[in-house]
Amino acid sequence: MTEVITAVDAVDIRFPTSRELDGSDAMNPEPDYSAAYVTVRTSTGQEGFGLAFTVGRGNDVQVAAVHALAPLVVGLPIADILADMRGFSETMTGDSQLRWLGPNKGAIHMAAGAIVNATWDLYARRERKPLWRLLAEMSPTQLVSLIDFRYLRDALTPEEALDILQRAQPGRAQRQRQLLDSGYPAYTTTPGWLGYTDDKLVRLSKEAVNDGFDLIKLKVGADNEADVRRLALAREAVGSEVRIAVDANQAWGVDQAVAWLESLAPYDPYWIEEPTSPDDILGHAAIRRAVAPIKVATGEHCHNQVMFKQLLQAEAIDVLQLDATRVAGVNENVAILLLAAKFGVPVCPHAGGVGLCEMVQHLAMFDYVAVSGSTDGRVIEYVDHLHQHFVDPVVIRNGNYVAPRAPGIGARMRPESIAAYRFSTGPKSTHARWWVGR
């Protein structure tokens, strides 16, 4: 019998991270890291796992968006899907009525990404390969076939994408060995959450350097005087050789960003992340011109590949920060990696959250092996919480991600964690009695 998708399940998982202010920043002072956790099931009993990351209330909306898309794919033959992953993605992103809710942005686009990622996880499990290796061992022609170039051709043509991949092909095997031997560079946001005390900031900054990280990140943007104090403390704690990035999480207007960064400049911030609205392409370009040599980084809230295209065309960013779950999954992120390679901008993925480290490492490692061929100026974000809830958690060694060898994309959660943190029923979740009206 033909193997088909029989179900797309979504579960509302919420962790009470706000209790310790883990994840706190200028725009999200008390986030509860959450996920719409997706399982794609087939008629032969196989499964694939993915998720969309949120920060608490509204996660039920994200789950509902996954359920809205499920009828579009239940019943589709697995062989046809895996032979045309672009077509499978477009089944969801191209549905005219659901697309209206975006188009190609927001909860419905993220839901498509969760299902696409879960299906890539299924694909990689069938091939018994980690996702990064599955992608890196595809031919350039196969990789180009994953991408919808309709809105990209003015910046990246299929021929240019093919050329980028073909030029990287001769060194793939060597880079794969290097990756398995040495891992991929990481940086950590663990010390810098805005709600942490000064003592905790200093202690965790020193620990991060001792653990091998040469780049840490601090949250800024709520109080200028406090930001100056905290950045000065961090700089004193780690010395002049360790890079310190800062992240405003969209807190400022354009002129405010420029003025605020003038006060932080004496402490040599490496980049400013999300200095203004994530949709303001020209605002980022203006900030970049004004604050150089401080780099400008953004992308974790970038809706889709078209916005990344415009950020690159406008020379608005020095660092591109793609996210594993914000856009429509692996296919769209492959396109974004190729855009970054075309424009010569390094990719430093956004991670942390729920399962983002586990998932996005595969994209960065694929980029190194098969696209950019380089780790220069590239690091993956790392945050040291919630990994214990995943079957294949990330491993960090000497400030580097250890290349995963387990099959899949890394998003599979432990059954006991799902039971404990399922919203409204899990005994450890942020259930309604605890958080409504806080």
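The questions below look at salt bridges in this predicted model.

Q: Why is the contact between the side chains of Arg86 and Glu90 called a salt bridge?
A: The N to O distance is 2.9 Å, and because a side-chain nitrogen of Arg within 4 Å of a carboxyl oxygen of Glu meets the definition, the pair qualifies as a salt bridge. By this rule the count comes to 23 salt bridges.

Q: How do you know that Arg86 and Glu90 are separated by about one helical turn?
A: Both belong to helix α3, which covers residues 85–93, and they are four residues apart in that helix, so about one helical turn separates them.

Q: What makes Asp198 and Arg229 a pair that ties together parts of the chain?
A: Their side chains meet in a salt bridge with an N to O distance of 2.7 Å. Asp198 lies in helix α10 (residues 198–210) and Arg229 in helix α11 (residues 224–238), so the salt bridge ties together parts that are 31 residues apart in sequence.

Q: Why is Arg229 called partly exposed?
A: Its relative accessible area is 40%, and because that value falls between the 20% limit for buried and the 50% limit for exposed, Arg229 counts as partly exposed.

Q: What makes Lys219 and Asp247 count as buried?
A: Lys219 has 4% relative accessibility and Asp247 has 0%; buried means under 20%, so both residues are placed in that class. The side chains of Lys219 and Asp247 meet in a salt bridge at 2.7 Å, N to O, and the pair links strand β5 with strand β6. Both residues also belong to a network of salt bridges with Lys217, Glu273 and Glu381.

Technical notes
Residues numbered from 1 in each chain as written. Predicted model: local features only at pLDDT ≥ 70, side-chain atom pairs only at ≥ 80, totals over all residues. Heavy atoms only, no water. Helix = DSSP H or I, 4+ residues; strand = E, 2+ residues; numbered from the N terminus. Buried < 20%, exposed > 50% of the residue type's maximum accessible area, 1.4 Å probe, protein only.
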